[in-house]
Amino acid sequence: MSCPRIEREKMEHLFIGPYGTLSENSRGRLVLEEECELRTCFQRDTDRITHSKAFRRLKHKTQVFLQPEGDHYRTRLTHTLEVTRLARTVARALQLNEDLAEAIGLGHDLGHTPFGHAGERALNRILEDAGGFKHYEQSLRVVDTLERDGRGLNLCYETRMGILNHTHGKPDDTPEATAVRLCDRIAYVNHDLDDAIRAGILSIDDVPTPVRRMCGNRNSERINSIITDLVANSHDGILQLSAPMQEVFDLFHTFMYSDVYTNPRAKGEENKVDGILYGLYTWYSAHPDALPEDYRGVIENEGIQRAVVDYISGMTDGYAMEKYSELYIPFAWTVK
C-alpha cells in the first residue's frame with residue numbers, strides 16, 4: 001500500500017500554484033520527528049492545534065464585548081473559526097496551500113488573554129519593564145513552550161512564523177500567512193459590526209455610506225464583496241485589495257475603532273479588567289507555589305514574573321473572575 005502522505009504531497013503539485021507553499025518544502029520543526037504516514041506536515045499542525053488546551057479555552061475568552069447577554073455574540077473561538085474559513089477560501093481560490101492557511105488561522109490567537117484586548121493591555125502594562133506583552137508573541141510561546149506540559153506542539157516553521165506575524169506581517173511571509181493576516185482584519189471588522197448592531201450600540205445606518213454602497217448592508221454581503229475583491233486583485237503571489245476597496249476598507253476599519261472599539265457603551269466595563277488582572281498578578285507573584293505544576297519549569301528557567309503572566313494570560317474570562325473573587329472577596333458565612 002502506498003503512503004497517503006506521499007500521495008497527497010504529489011497531488012499538491014497539481015492544485016497548488018507556483019506561489020503556494022508545498023508541504024514537502026517545509027523548513028521543518030524545531031525538533032526533528034518522523035513523518036506521519038497519513039498526514040502532511042501542515043495537516044499534522046492543524047490537528048495538534050485543535051487538540052490543544054489553549055484552543056479549547058478560546059471558547060470562553062472575550063472577542064470584543066465583555067460578558068454579553070445572550071449566546072449569539074462572537075467569542076475568541078468563533079472569531080478564530082471565521083478567520084480560518086475565510087483564509088481557506090482565499091487560499092483555494094489563489095491556489096495556495098489550504099492546510100497551511102488553516103493551521104495558521106487556527107493557531108493565530110492561542111495566546112490571547114482573558115477579556116480581549118483590554119486584558120492584553122493590562123498585561124502589557126504589567127510587563128512594561130520586561131519588554132511588554134503582545135498576544136501574537138504569546139501565541140508563538142504557547143505553541144513553542146507552554147503546551148503539552150512545557151514541551152510545546154513542535155509545529156512547522158511556516159506555521160509558527162504565520163502565527164507570530166499575523167498582526168503586522170513580514171516581507172518574507174508565505175502567501176498563506178498573508179491570507180490569514182488579511183482575513184483576520186476582514187473577519188473582525190465585519191463580525192464585530194454585526195455584534196455591535198445586535199447589541200444596539202449602533203445601527204446599519206451609522207455605517208459610512210461608501211462602505212454600505214460598495215460592500216453591502218448585511219454581514220454576508222460585506223464579507224463576500226471584500227473577499228471577492230481580494231481574490232480578483234491578487235496576483236504573482238501578492239495578495240491585495242483593489243485601490244477603491246482598500247480605501248473603503250480603511251474607512252470601515254477607522255469607523256470601527258471610533259464607534260465600537262472605543263465606544264463608552266461597548267467598553268464601559270473594561271476599566272475593571274486592570275484591577276482583576278493586576279490583583280491576580282500581585283497575589284500569584286507573592287504565592288508562586290499556588291501556580292499549577294505545569295509552570296514550575298517556567299519559574300526555574302525564566303522567573304516567577306514570566307510564569308505568572310503565562311498563567312494569567314491563559315485564563316478564560318470566567319476563570320479569571322472566579323479566581324479573583326476567591327482570592328479577594330470574602331465568602332458569606334452564617335453562625336450555626
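Q: What counts as a helix in the numbering used for this structure?
A: Helices are DSSP runs of H or I with at least four residues, and they are numbered from the N terminus. The model is a predicted one. With that numbering, the loop between helix 4 (76-93) and helix 5 (98-107) is where Gln-95 is found.

Q: How should I read a phi value, and which sign do most residues other than glycine have?
A: The general idea is that phi is negative for most residues other than glycine. In this structure, Gln-95 is not a glycine, yet its phi is positive, at about 60 degrees. Phe-115, also not a glycine, has a positive phi of about 65 degrees, and this residue lies in the loop between helix 5 and helix 6 (116-126).

Q: Is Phe-115 buried or exposed?
A: The cut-off needed here is that buried means under 20% relative accessible area, while partly exposed covers the range from there to 50%. Phe-115 has a relative accessibility of 3%, so it counts as buried. Gln-95, on the other hand, has a relative accessible area of 41% and is therefore partly exposed.

Q: How many residues of helix 5 are buried?
A: Helix 5 is mostly covered, since the same cut-off places 10 of its 10 residues in the buried class. Among them are the charged-type names Glu-98, Asp-99 and Glu-102, listed together with Leu-100, Ile-104 and Leu-106. At the N-terminal end of helix 5, Asn-97 acts as a cap, with a side-chain oxygen 3.0 Å from the backbone nitrogen of Asp-99.

Q: How many aromatic pairs are there, and how is a pair read?
A: A pair needs ring centres within 6.5 Å, and planes over 60 degrees apart make it edge-to-face; by this rule there are 7 aromatic pairs. One of them joins Tyr-188 and Tyr-261, whose ring centres are 6.3 Å apart and whose planes stand at 65 degrees, so this pair is edge-to-face. Because Tyr-188 lies in helix 9 (residues 175-198) and Tyr-261 in helix 12 (residues 243-261), the pair ties together parts that are 73 residues apart in sequence. Tyr-188 is buried, at a relative accessible area of 15%, and Tyr-261 is buried as well, at 14% relative accessibility.

Q: Which residue forms an aromatic pair with Tyr-261 at 4.8 Å centre to centre?
A: That residue is Tyr-257, and the pair is edge-to-face, with 75 degrees between the planes. Tyr-257 and Tyr-261 are 4 residues apart in helix 12, so about one helical turn separates them. Tyr-257 has a relative accessible area of 40%, which means that it is partly exposed. Elsewhere, ring pairs link Trp-283, Tyr-284, Tyr-295 and Tyr-311 into a cluster.

Q: Where does the charged end of Arg-27 sit?
A: A ring may also have a charge placed over it, and here the charged end of Arg-27 sits over the ring of Tyr-157, 4.0 Å from its centre. The charged end of Arg-198 likewise sits over a ring, that of Tyr-73, at 5.9 Å from the ring centre.

Q: Which residues make a nonpolar surface patch?
A: Met-11, Leu-14 and Phe-15 make a nonpolar surface patch of about 320 Å². Phe-15 belongs to helix 1 (residues 4-15), and with a relative accessible area of 33% Phe-15 is partly exposed.

Note on methods:
Residues numbered from 1 in each chain as written. Predicted model: local features only at pLDDT ≥ 70, side-chain atom pairs only at ≥ 80, totals over all residues. Heavy atoms only, no water. Helix = DSSP H or I, 4+ residues; strand = E, 2+ residues; numbered from the N terminus. Buried < 20%, exposed > 50% of the residue type's maximum accessible area, 1.4 Å probe, protein only. Phe/Tyr/Trp six-rings, centres within 6.5 Å; stacked < 30°, edge-to-face > 60°. Lys NZ or Arg CZ within 6 Å of the ring centre and 35° of its normal. Polar contact = N/O pair within 3.5 Å; in protein donor to acceptor, adjacent residues only side chain to side chain. Patch = residues over 30% accessible without salt bridge, like charges linked within 9 Å, V, L, I, M, F, W, Y side chains within 5 Å. Areas by Shrake-Rupley, 256 points an atom, 1.4 Å probe, with all protein chains shown as cover. Salt bridge = Lys/Arg side-chain N within 4 Å of Asp/Glu carboxyl O.
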